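Colleague: I have a structure open and would like to go through its helix packing with you. Could you put it on the screen?

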Amino acid sequence: MFGKQKSPVSVIIKGALEEAQLRGDRRMGTEHLLLGLLHHEESARTLGVDLAAGRAALVELDRASLRMLGLEVGDLPERPRKHPRVPGTALTSSARAVLNEAIKATTMKTRDAQAPRHLMLGLLERKQPDPAAQVIDQLGIDRAAVRSRIA
(Lines give C-alpha, C1' and ligand atoms only; values in the text may rest on other atoms or scores of the structure.)
Protein backbone atom coordinates (compact mmCIF):
# COMPACT_ATOMS: atom_id res chain seq x y z
CA MET A 1 0.00 0.00 0.00
CA PHE A 2 2.81 2.46 0.80
CA GLY A 3 5.60 1.39 -1.51
CA LYS A 4 8.81 -0.35 -0.69
CA GLN A 5 9.03 -2.45 2.45
CA LYS A 6 11.79 -0.39 4.08
CA SER A 7 10.94 3.09 2.82
CA PRO A 8 10.57 5.62 5.65
CA VAL A 9 6.92 6.22 4.78
CA SER A 10 6.23 2.49 4.89
CA VAL A 11 7.97 2.15 8.27
CA ILE A 12 5.93 5.05 9.69
CA ILE A 13 2.54 3.92 8.35
CA LYS A 14 3.10 0.30 9.32
CA GLY A 15 4.26 1.44 12.75
CA ALA A 16 1.15 3.60 13.14
CA LEU A 17 -1.14 0.71 12.16
CA GLU A 18 0.71 -1.55 14.59
CA GLU A 19 0.25 0.99 17.39
CA ALA A 20 -3.49 1.28 16.68
CA GLN A 21 -3.79 -2.51 16.80
CA LEU A 22 -1.73 -2.79 20.00
CA ARG A 23 -4.01 -0.27 21.69
CA GLY A 24 -7.15 -1.97 20.44
CA ASP A 25 -8.24 1.12 18.50
CA ARG A 26 -10.49 0.61 15.51
CA ARG A 27 -9.09 3.47 13.45
CA MET A 28 -5.67 4.99 12.99
CA GLY A 29 -5.53 8.56 14.30
CA THR A 30 -2.95 11.33 14.50
CA GLU A 31 -1.70 9.92 17.81
CA HIS A 32 -0.86 6.67 16.01
CA LEU A 33 0.89 8.59 13.21
CA LEU A 34 2.99 10.30 15.87
CA LEU A 35 3.90 6.93 17.38
CA GLY A 36 4.56 5.68 13.84
CA LEU A 37 7.10 8.50 13.42
CA LEU A 38 8.82 7.19 16.54
CA HIS A 39 9.26 3.82 14.77
CA HIS A 40 11.42 5.74 12.26
CA GLU A 41 14.78 6.29 13.99
CA GLU A 42 15.66 9.56 12.28
CA SER A 43 12.26 11.08 13.09
CA ALA A 44 12.49 9.90 16.71
CA ARG A 45 15.91 11.55 17.02
CA THR A 46 14.57 14.77 15.51
CA LEU A 47 11.66 14.82 17.97
CA GLY A 48 13.99 13.92 20.84
CA VAL A 49 11.62 11.21 22.08
CA ASP A 50 11.64 7.43 21.95
CA LEU A 51 8.75 5.06 21.30
CA ALA A 52 8.44 3.94 24.92
CA ALA A 53 8.01 7.55 26.08
CA GLY A 54 5.41 8.18 23.37
CA ARG A 55 3.43 5.12 24.37
CA ALA A 56 3.64 6.04 28.07
CA ALA A 57 2.40 9.58 27.35
CA LEU A 58 -0.58 8.23 25.44
CA VAL A 59 -1.45 5.80 28.26
CA GLU A 60 -1.25 8.65 30.77
CA LEU A 61 -3.59 10.77 28.63
CA ASP A 62 -6.02 7.83 28.50
CA ARG A 63 -5.89 7.54 32.29
CA ALA A 64 -6.45 11.29 32.71
CA SER A 65 -9.49 11.11 30.42
CA LEU A 66 -10.94 8.25 32.44
CA ARG A 67 -10.32 10.14 35.70
CA MET A 68 -12.24 13.10 34.26
CA LEU A 69 -15.17 10.72 33.87
CA GLY A 70 -14.81 9.61 37.47
CA LEU A 71 -13.22 6.27 36.60
CA GLU A 72 -10.06 5.23 38.36
CA VAL A 73 -8.27 2.32 36.79
CA GLY A 74 -5.46 0.31 38.24
CA ASP A 75 -3.01 -1.36 35.96
CA LEU A 76 -4.26 -1.47 32.43
CA PRO A 77 -3.84 -4.76 30.63
CA GLU A 78 -0.88 -4.98 28.26
CA ARG A 79 -3.19 -6.06 25.48
CA PRO A 80 -6.71 -4.70 25.18
CA ARG A 81 -9.71 -6.68 24.12
CA LYS A 82 -9.29 -8.24 20.73
CA HIS A 83 -10.79 -6.20 17.90
CA PRO A 84 -10.86 -6.85 14.19
CA ARG A 85 -7.66 -5.90 12.41
CA VAL A 86 -7.38 -2.18 11.61
CA PRO A 87 -7.60 -1.84 7.83
CA GLY A 88 -5.11 0.55 6.25
CA THR A 89 -7.99 2.72 5.09
CA ALA A 90 -9.52 3.14 8.56
CA LEU A 91 -8.18 6.62 9.32
CA THR A 92 -9.67 9.40 11.38
CA SER A 93 -10.38 12.53 9.35
CA SER A 94 -7.47 14.33 11.05
CA ALA A 95 -5.04 11.51 10.29
CA ARG A 96 -6.21 11.37 6.69
CA ALA A 97 -5.73 15.15 6.31
CA VAL A 98 -2.21 15.12 7.81
CA LEU A 99 -1.16 12.13 5.70
CA ASN A 100 -2.62 13.58 2.49
CA GLU A 101 -0.89 16.92 3.04
CA ALA A 102 2.45 15.21 3.68
CA ILE A 103 2.15 13.16 0.51
CA LYS A 104 0.98 16.13 -1.60
CA ALA A 105 3.99 18.14 -0.43
CA THR A 106 6.33 15.64 -2.08
CA THR A 107 6.93 14.16 -5.51
CA MET A 108 7.44 10.49 -6.25
CA LYS A 109 11.18 11.13 -6.44
CA THR A 110 11.38 12.94 -3.10
CA ARG A 111 8.71 11.06 -1.14
CA ASP A 112 11.03 8.69 0.72
CA ALA A 113 13.26 11.51 1.87
CA GLN A 114 10.69 14.26 2.42
CA ALA A 115 7.40 12.63 3.52
CA PRO A 116 8.53 11.94 7.12
CA ARG A 117 9.54 15.61 7.47
CA HIS A 118 6.21 16.85 6.09
CA LEU A 119 4.29 14.38 8.23
CA MET A 120 6.15 15.62 11.30
CA LEU A 121 5.44 19.25 10.38
CA GLY A 122 1.76 18.43 9.88
CA LEU A 123 1.53 16.77 13.29
CA LEU A 124 3.36 19.66 14.95
CA GLU A 125 0.71 22.01 13.52
CA ARG A 126 -2.16 20.14 15.18
CA LYS A 127 -3.88 21.98 18.00
CA GLN A 128 -5.68 20.58 21.03
CA PRO A 129 -7.97 18.71 21.36
CA ASP A 130 -6.28 16.70 18.59
CA PRO A 131 -4.73 13.60 20.21
CA ALA A 132 -1.34 14.14 18.56
CA ALA A 133 -1.21 17.70 19.95
CA GLN A 134 -2.03 16.35 23.40
CA VAL A 135 0.73 13.73 23.20
CA ILE A 136 3.23 16.32 21.91
CA ASP A 137 2.37 18.59 24.83
CA GLN A 138 2.49 15.69 27.32
CA LEU A 139 5.98 14.80 26.08
CA GLY A 140 7.13 18.42 26.35
CA ILE A 141 8.26 18.53 22.72
CA ASP A 142 9.31 22.06 21.76
CA ARG A 143 7.53 22.58 18.45
CA ALA A 144 9.63 25.59 17.44
CA ALA A 145 12.91 23.78 18.16
CA VAL A 146 11.84 20.75 16.11
CA ARG A 147 10.71 22.97 13.22
CA SER A 148 14.08 24.74 13.21
CA ARG A 149 15.93 21.40 13.19
CA ILE A 150 14.07 20.17 10.13
CA ALA A 151 13.82 23.46 8.22
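Modeller: Let us begin with one helix pair: H4 passes H7 in a right-handed crossing. Please keep in mind that this is a predicted model.

Colleague: At what angle do H4 and H7 pack, and how far apart are their axes?

Modeller: The angle is about 110°, and the axes of H4 and H7 are 9 Å apart. H4 and H7 are therefore roughly perpendicular to each other.

Colleague: Which residues meet there, in H4 and in H7?

Modeller: H4 contributes Ala53, Gly54, Ala57, Leu58, Glu60 and Leu61, and H7 contributes Gln134, Val135, Gln138 and Leu139. Sorted by class, the contact of H4 with H7 has six nonpolar, three polar and one charged residues.

Colleague: Let me step back. How many helices and strands does the protein have?

Modeller: There are eight helices and zero strands. Read from the N terminus, the order of elements is α-α-α-α-α-α-α-α.

Colleague: And what percentage of the residues is buried?

Modeller: Of the 151 residues in the protein, 39% are buried. The exposed area of the protein is about 8800 Å², and carbon and sulfur atoms supply 53% of that area.

Colleague: What share of the contacts joins residues 24 or more positions apart?

Modeller: Among contacts with a separation of 6 or more, residues 24 or more positions apart account for 61%.

Colleague: Now H2. Why is it described as largely enclosed by the rest of the structure?

Modeller: Nine of the ten residues of H2 are buried, so H2 is largely enclosed by the rest of the structure. The buried residues are Thr30, Glu31, His32, Leu33, Leu34, Leu35, Gly36, Leu37 and Leu38.

Colleague: Which helices do the buried residues of H2 pack against?

Modeller: They pack against H1, H3 (41-47), H4 (51-68), H5 (93-104), H6 (111-125) and H7 (131-139).

Colleague: Take H1, then. What is its packing angle with H2?

Modeller: H1 (residues 8-23) packs on H2 (residues 30-39) at an angle of about 125°, and their axes are 7 Å apart. That angle makes H1 oblique to H2. The crossing of H1 past H2 is right-handed.

Colleague: Which residues make the contact?

Modeller: On the H1 side they are Val11, Ile12, Ile13, Gly15, Ala16, Glu18, Glu19, Ala20 and Arg23; on the H2 side they are His32, Leu33, Leu35, Gly36, Leu37 and His39. The contact of H1 with H2 comprises eight nonpolar, four polar and three charged residues.

Colleague: Changing topic: what about Glu41 and Leu47 in H3, buried or exposed?

Modeller: Glu41, found in H3, counts as exposed because its relative accessibility is 61%, where the cut-off for exposed is over 50%. Leu47 also lies in H3. With 6% relative accessibility, Leu47 counts as buried, the cut-off there being under 20%.

Colleague: What does Leu47 touch, leaving out residues up to four places away in sequence?

Modeller: Leu47 touches Leu34, Leu38, Met120, Ile141, Val146 and Arg149. The C-alpha atom of Leu47 is separated by 8.8 Å from that of Arg143, although these residues are 96 residues apart along the chain. For Glu41, the C-alpha separation from Val11 is 9.8 Å, with their positions 30 residues apart along the chain.

Colleague: Arg143 brings me to H8. How do H6 and H8 cross?

Modeller: The axes of H6 and H8 (residues 143-150) come within 11 Å and cross at roughly 160°. H6 and H8 are therefore roughly antiparallel to each other, and their crossing is left-handed.

Colleague: Which residues meet in that pair?

Modeller: Arg117, Met120, Leu121, Leu124 and Glu125 in H6 meet Arg143, Val146, Arg147 and Ile150 in H8. The classes in the contact of H6 with H8 are five nonpolar, no polar and four charged.

Colleague: One last item: where is Pro129 placed, and is the peptide bond from Gln128 to Pro129 cis or trans?

Modeller: Pro129 is in the loop between H6 and H7. The peptide bond from Gln128 to Pro129 is cis, with omega near 20°. As general background, most peptide bonds are trans.

Definitions and conventions:
Residues are numbered from 1 along each chain as its sequence is written. This is a predicted model: local features need pLDDT of at least 70, side-chain atom pairs count only at pLDDT 80 or more; totals for chains, interfaces and linings use all residues. Side-chain values use heavy atoms; hydrogens and water are left out. Axes are lines fitted to C-alpha atoms, for helices over the stretch in contact, and angles run from 0 to 180 degrees between N-to-C directions. Helices (H or I, at least four residues) and strands (E, at least two) are DSSP runs, numbered from the N terminus. Angles under 35 degrees count as roughly parallel, over 145 as roughly antiparallel, 65 to 115 as roughly perpendicular and the rest as oblique. A crossing is left-handed if the near helix is turned anticlockwise from the far one by less than a right angle, and right-handed if clockwise. Contact means heavy atoms within 4.5 Å. Ala, Val, Leu, Ile, Met, Phe, Trp, Tyr, Cys and Pro count as nonpolar, Asp, Glu, Lys and Arg as charged, and the others, Gly among them, as polar. Buried means under 20% relative accessible area, exposed over 50%, partly exposed in between (1.4 Å probe, protein chains only). Accessible areas come from the Shrake-Rupley method with a 1.4 Å probe; for residues, only the protein chains shown count as cover.
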